[in-house]
Each structure stands twice: as structure tokens, then as C-alpha cells.
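Visitor: I would like a close look at a single part of this protein. Please pick one stretch and walk me through its surroundings.

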Amino acid sequence: MQKPMKKLFPKEITLFNSDGEAVAYIDDSDSDLPIYMWDSTPVAYLAPSNSDYYHVYGFNGLHLGWYERGVVRDHDGYIVGFQQGAMSKSTRYEPYKRYKKSKPYKSYPKYPPSKAYNKSSFSYTSLALFLLKGKR
């Protein structure tokens, strides 16, 4: 069984895109583990699995991918985003965040597909587009 995130991560976890730009963040102080775009729009959340990773679900109920060891992956196993230190890739300065917008209710989550094998390259889908698929 996986350890709770509360002991593993700081209050907010910044997610960077393939260019090292801050695009989104996970609010670890909220038990729902919501993911906000940098403009503070809630789009997705993390749901624990029975393994060493989290499912990434949109508030609209769509299964978007997985979050494992600081890396966000799509359904094909490609990298769409990462937290600082999870990869040997430089990151840019994090701009100022706005106040968080209210979270929508979660739609009933769709059944997740089988987890794909992890690939070492980035997806053609940007982190922003990947996460916005979950917006309600």
C-alpha cells in the first residue's frame, strides 16, 4: 500500500511542461489532491492506486493518466509534465500564482485503462492541454 502524500511532499507541488515552464500545481494541503492550472483554475485531481502511483482524474470524471515519482504520464506512457527534481531537466522561474478558484464537484470517475509502460520521451500533447481535458 502506498504511503500518504502528506508525508512525501510540500504544500504545493509545481508541475512543469517539457520546456521547464510552470504550468500547474498540486495542492497537497487539500485531501482531494486537486491540480490547478497556473491561473488557479482547478482541472484535475490525484487518486491513490494500489501501486506506487496515483491516477490523474479530471473533475469531469475522465481518467487522464498517471502521476508516478514526480512525473505525469499520458495513457501511452509518455511524459507530459514533471515536478522539479524528478528529472534531470532544468526549470524556469515560477511566476506569481493567483488565488485558487472553487473546486467543482467530482464527476463519477471512469474506469482507468491498464497502465502503459513508461517511456523516456515527452508526449506531443502539452501539459496544459492534457490537464484541460479534465476541466468541468
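Guide: Let us start at a turn. Strand 6 and strand 7 form a hairpin, with two residues between them. Arginine 69 sits in that turn and has a positive phi of about 50°. Keep in mind that this is a predicted model.

Now look at the two strands themselves. Strand 6 covers residues 63-68, and strand 7 covers residues 71-73. They pair in the antiparallel sense, over three bridges. One pair is easy to find: tryptophan 66 has arginine 73 in strand 7 as its bridge partner.

Stay on strand 6 and turn to strand 5, residues 54-58. These two also pair in the antiparallel sense, here over four bridges. Tryptophan 66 appears again, standing opposite histidine 55. So tryptophan 66 is matched with histidine 55 and with arginine 73, by the DSSP bridges that define pairing. Strand 5 and strand 6 form a hairpin too, with four residues between them. In its turn, glycine 61 has a positive phi of about 95°.

Is strand 6 buried or exposed? Buried means under 20% relative accessible area. Six of the six residues of strand 6 are buried, so the strand is largely enclosed by the rest of the structure.

Next, follow strand 7 onward. Three bridges join strand 7 to strand 8, residues 79-82, and the two run antiparallel. Arginine 73 returns here, with isoleucine 79 in strand 8 as its bridge partner. Strand 7 and strand 8 make a hairpin with five residues between the strands. Glycine 77 in this hairpin takes a positive phi near 90°.

Strand 8 also gives us a link to the helix. Helix 1 spans residues 127-132 and holds leucine 129. The C-alpha atoms of leucine 129 and valine 80 are separated by 9.5 Å, though the two residues are 49 apart along the chain. Leucine 129 is exposed, with a relative accessible area of 54%.

Finally, step back to the whole chain. The protein chain has one helix and eight strands. From the N terminus on, the order is β-β-β-β-β-β-β-β-α. The radius of gyration is 14 Å, close to the 14 Å that the globule rule gives for 136 residues, so the chain is as compact as a globular protein of that length. Of the 136 residues, 47% count as buried. Among contacts between residues at least 6 apart in sequence, 55% join residues at least 24 apart.

Definitions and conventions
Residues numbered from 1 in each chain as written. Predicted model: local features only at pLDDT ≥ 70, side-chain atom pairs only at ≥ 80, totals over all residues. Heavy atoms only, no water. Rg over C-alpha atoms; globule rule 2.2 N^0.38 Å. Buried < 20%, exposed > 50% of the residue type's maximum accessible area, 1.4 Å probe, protein only. Contact = heavy atoms within 4.5 Å.
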